[in-house]
Amino acid sequence: MEFLKRKSTEYTLKFLIALFLLLLINFLVRFTVIRWDLTEENRYTMSEATQSLLQNLEEPLYVEVYLAGDINAEFSRLQTAIKQTLDQFKEYAYGNIQYSFVNPDQAESAKARNQFYQVLIDKGIQPTNVFDTEEGRKSQKLIFPGAEITYKGRSEPVILLSGNNAAGAREAINQSIENLEYELAQAIKNLTNSERKKIAIVQGHGEPAGQQLSGLRTTLEDKFDLFPLSDLSKLSQFDAALFIKPTQTFSNSELYDIDQYIMRGGKPLFFLDGLSISVDSIREYGAMALPIETNLDEILFKYGVRVNKDVLQDVNSGNFPIVTGNMGDKPQIQLLPWPYYIILNNYAPHPIVRNLNAVYGKFVSSIDTVTASDIKKTPLISTSDYTRRLKGPVHINFEDLKTDIVPENFNLKNVPVAYLLEGEFSSAYKNRLKPEDRENTELLSNSTANAIIVASDGDLLLSEMDKEKATPFPLGVDPYARHPAPFANDQLILNMVNYLLEDDGLIITRNKEFKIRPLDKVKIADNKLAIQLLNVALPIFMIIIFGVLRYFWRKRKYAKFNG
């Protein structure tokens with residue numbers, strides 16, 4: 001009896017210890033996210049930067065997704081991916097993320113629905129027209145592939161349809177799915193980050209100002225503090241500096257300030273024109289595009305690139321309005337291809353430009369690379385396979401619009417127009433005398449690891465003017481074609497600045513790649529019957545065989561007992 005009591009006590013203690021360990025493990029698991037991603041491309045693996053961001057949320061964060069309701073199969077796939085991504089975010093945030101899907105069409109009346117539409121548009125969530133075919137009938141529907149994130153009383157809109165439209169609808173959706181983690185995490189970072197970086201917009205050398213920079217300011221001011229700067233000796237006070245389309249020379253002292261700014265870790269972005277030309281200056285007999293001398297070539301050459309004194313033409317171009325004749329006393333205006341306005345859609349496999357929609361360039365020049373030790377040069381953007389280069393000076397005439405574009409005359413391909421330079425830069429003043437007014441300053445001969453971006457088009461960051469309303473268009477809008485969706489010039493500069501200034505590596509999440517594995521439609525058609533038999537008839541046949549064999553096995557088994 002005593003033995004049984006000891007055994008009972010032992011079993012009770014073991015049970016209590018096991019129960020305690022089970023409860024302890026369950027408690028610890030609540031604060032640890034354990035996941036196994038078995039996909040080839042690790043599509044369900046969050047980056048360390050995203051995980052750290054989510055784990056440091058101090059209060060609940062709310063996400064309202066407006067992609068809901070009656071949507072087609074492709075957008076349903078995007079909707080599912082959004083839900084899966086937010087579920088992952090929720091786990092890493094220890095429940096500090098709540099989300100809901102809102103259908104903008106669910107309103108009491110058409111008037112209320114249209115008012116809600118306008119509210120979303122005013123927030124920056126632009127709609128998309130979806131054309132579909134249902135039972136042989138074509139239909140058109142307005143959807144809002146975006147979300148609004150709210151944290152500590154502040155809100156941030158997020159556009160979740162961010163793929164390259166030129167790739168086709170299916171591929172654009174896939175690219176949007178690849179970008180989901182970055183787009184959502186970047187918006188959360190903007191809401192949670194209390195420290196704002198400072199960016200200088202360099203002035204004083206014929207650079208554009210005022211309303212021409214309206215779109216640029218709208219794009220960057222939500223995330224960064226922008227300041228005009230004409231005294232380059234104060235560059236060190238800024239995290240990044242934008243040099244946008246200067247047309248006048250920089251002094252030797254200013255070049256020295258720029259050089260030492262880079263040596264000390266400053267992040268400059270150069271958007272330079274090789275030739276000086278403006279559409280407004282082209283009159284009846286045309287105008288000359290003349291080389292621009294800014295002296296910036298002196299230091300950029302040392303860093304590994306040179307913006308050439310030329311202008312590029314490309315078959316992949318935008319349009320320009322021109323008078324082609326008269327009807328009575330009224331001129332006939334027609335949009336004709338204008339090869340100087342280039343639609344740039346050829347990108348490097350780099351997170352700055354990956355899955356980016358096309359950007360719009362005007363009077364773009366070419367860029368050459370030169371030898372620079374320890375500098376990695378990445379051509380971020382290139383022209384199409386049909387490009388022509390005209391060395392300056394160039395006579396530009398609207399009459400050229402009336403001639404047909406012959407692709408055979410465009411014999412260059414993939415000409416780089418934007419470079420990312422990374423590495424340890426050597427000072428352009430390493431073996432030179434310092435400017436007289438900078439003799440008392442300390443010269444740094446080499447930088448630590450740093451990065452520079454050089455693009456050969458200053459118009460990439462400028463807004464066109466709406467001449468009817470006398471107001472600037474958003475960045476990337478073509479005022480003549482009036483595309484329903486603007487070009488991605490705004491996203492380009494935002495990605496560039498984020499890449500240079502981020503130290504947490506969040507933008508690297510744009511490198512995610514989800515492979516589409518479509519079925520071979522030809523093989524499906526040729527082997528339709530065999531596939532149907534294999535997937536429908538074979539499983540049923542195997543279940544029947546299993547049932548028959550089990551019946552005979554049971555009959556044989558229990559026959560022994562009866563016998």
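The paragraphs below go through the overall make-up, the sheets, the nonpolar cores and one buried lysine.

This is a predicted model, in which local features need pLDDT of at least 70 and side-chain atom pairs count only at pLDDT 80 or more, while totals for chains, interfaces and linings use all residues. Residues are numbered from 1 along each chain as its sequence is written, and side-chain values use heavy atoms, with hydrogens and water left out.

The protein has 11 helices and 26 strands; these are DSSP runs numbered from the N terminus, helices being H or I with at least four residues and strands E with at least two. Of its 563 residues, 43% are buried, where buried means under 20% relative accessible area, exposed over 50% and partly exposed in between, with a 1.4 Å probe and protein chains only. Among contacts (heavy atoms within 4.5 Å) with a separation of 6 or more, 76% are between residues 24 or more positions apart.

Strands count as paired if DSSP finds at least two bridges between them. One open sheet has 8 strands in the order S8-S7-S9-S10-S24-S23-S20-S17, with mixed pairing. Strands S8 (225-229) and S17 (346-347) are at its edges with a single partner strand each, so one side of each has no neighbour in the sheet. Within this order, S20 (residues 375-382) and S23 (residues 416-426) run antiparallel and are joined by 7 bridges; Lys-377 has Leu-421 in S23 as its bridge partner. Another open sheet, of 3 strands, follows the order S11-S12-S22 with antiparallel pairing.

A nonpolar core is a set of buried Ala, Val, Leu, Ile, Met, Phe, Trp, Tyr and Cys residues joined through side-chain atoms within 4.5 Å. The largest one holds 80 residues, of which Leu-242, Leu-269, Ile-381 and Ile-493 touch the most other members. Helix H5 (residues 169-192) gives the most to this core, namely 9 residues. A second, separate core has 33 residues, including Leu-300, Tyr-303, Leu-421 and Phe-425.

Lys-267 lies in strand S10 (residues 267-271). Lys-267 is buried but has no salt bridge, and the nearest side chain of opposite charge, Glu-422, is 8.4 Å away. A salt bridge here requires a side-chain nitrogen of Lys or Arg within 4 Å of a carboxyl oxygen of Asp or Glu; Lys and Arg count as positive, Asp and Glu as negative, and His and the chain ends are not counted. The side chain of Lys-267 does make a polar contact with the side chain of Asn-450, at 2.8 Å. A polar contact is a pair of N or O atoms within 3.5 Å; within protein, one must be able to donate a hydrogen and the other to accept it, and residues adjacent in sequence count only if both atoms are side-chain atoms.
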